[in-house]
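Thanks, everyone. I will go through the charged pairs in this one and then turn to a helix. Please have a look at the sequence and the structure first.

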Amino acid sequence: LDTLEKWVTEIFSEIPNNGLPKPSFDHLTQPFDTPEFHKLYRVVPIRKVHSLTITWALPPQEQYYRVKPLHYISWLVGHEGKGSVLSFLRKKFWALALYGGNGETGFEQNSTYSIFSISVTLTDEGYKHFYEVAHVVFQYVKMLQKRGPDQRQVIWEEIQKIEANEFHYQEQTDPVDYVENLCENMQLFQKEDFLTGDQLLFEYNPEV
């Protein structure tokens, strides 16, 4: 570590600090509040697949990285057990798979907005009923909204434990990729969370 610290100091200490704050674009609110966004678009795919994607544009969630509300919601939406959206759609022979969430990339999450998407891989029969499929997804989201997170702290803690286990027992990655990831984290998280901010859940906050 002493050697590494010496190298980093030698290489990077010459880079001047201009003292400017990190740019923020949070004044550019609701960039998707346009008639074009509130529409259904049909795209003809190159390969034979039917996929329905529903996308919401939400306020920026970067500041809530210790709570990870979108990760929590995607966990509930992507659940495959009894009573889940996918379980219901499979019984109807309308869907093969479902996933939702936010990729936490600059396009999907930044200081202006956060994107949340739910994608359903449809069967041929499901494609004929894609309006009903969309309706089921909206019903499920509405149910989550009505019931609120208060009764689900156990689920949040379960997610927290699973993510902690994955963090502690993760395989060693390529050092270059690891350093690149850390550099990105330095732009997003508090100093004490550079190593863990993109993976661990720290605080349960039902209001968020």
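Start in helix α1, residues 2-12, where Glu10 and Lys6 both lie. The two are four residues apart, about one turn of the helix. This is a predicted model, so keep that in mind for every distance I quote. Glu10 and Lys6 form a salt bridge, and their closest N and O atoms are 2.8 Å apart. How accessible are the two partners? Glu10 has 48% relative accessibility and counts as partly exposed. Lys6 is partly exposed as well, at 49%.

The next pair is Lys48 and Asp124, whose side chains meet in a salt bridge at 3.6 Å, N to O. Here the pair links distant parts of the chain, with the two positions 76 residues apart in numbering. Lys48 sits in the loop between α1 and β1, while Asp124 belongs to helix α4, residues 124-128. On accessibility, Lys48 is exposed, with a relative accessible area of 72%. The figure for Asp124 is 48%, which makes Asp124 partly exposed because the exposed class begins over 50%.

Staying in helix α4, which side chains meet in a salt bridge with an N to O distance of 3.6 Å? They are those of Glu125 and Lys128. These residues are three apart in the helix, so about one helical turn separates them. Glu125 is partly exposed, at 35% relative accessibility, and Lys128 is exposed, at 61%.

As background, side chains of opposite charge can pair when their charged atoms come close.

How many salt bridges does the structure hold? The count is six. Besides the pairs I have gone through, there is a network of salt bridges that links Arg66, Asp193 and Glu203.

Now to the helix I mentioned, α2, which spans residues 69-77. Which of its residues are buried? They are Pro69, Leu70, Tyr72, Ser74, Leu76 and Val77. What covers them includes both strands and helices. On the strand side there are β1 (50-58), β2 (95-101) and β3 (114-122). On the helix side there are α5 (130-147) and α6 (153-168).

To recap, Glu10 pairs with Lys6 inside α1, Glu125 pairs with Lys128 inside α4, and Lys48 with Asp124 joins distant parts of the chain. That is what I have for today.

Technical notes. Residues numbered from 1 in each chain as written. Predicted model: local features only at pLDDT ≥ 70, side-chain atom pairs only at ≥ 80, totals over all residues. Heavy atoms only, no water. Buried < 20%, exposed > 50% of the residue type's maximum accessible area, 1.4 Å probe, protein only. Contact = heavy atoms within 4.5 Å. Salt bridge = Lys/Arg side-chain N within 4 Å of Asp/Glu carboxyl O.
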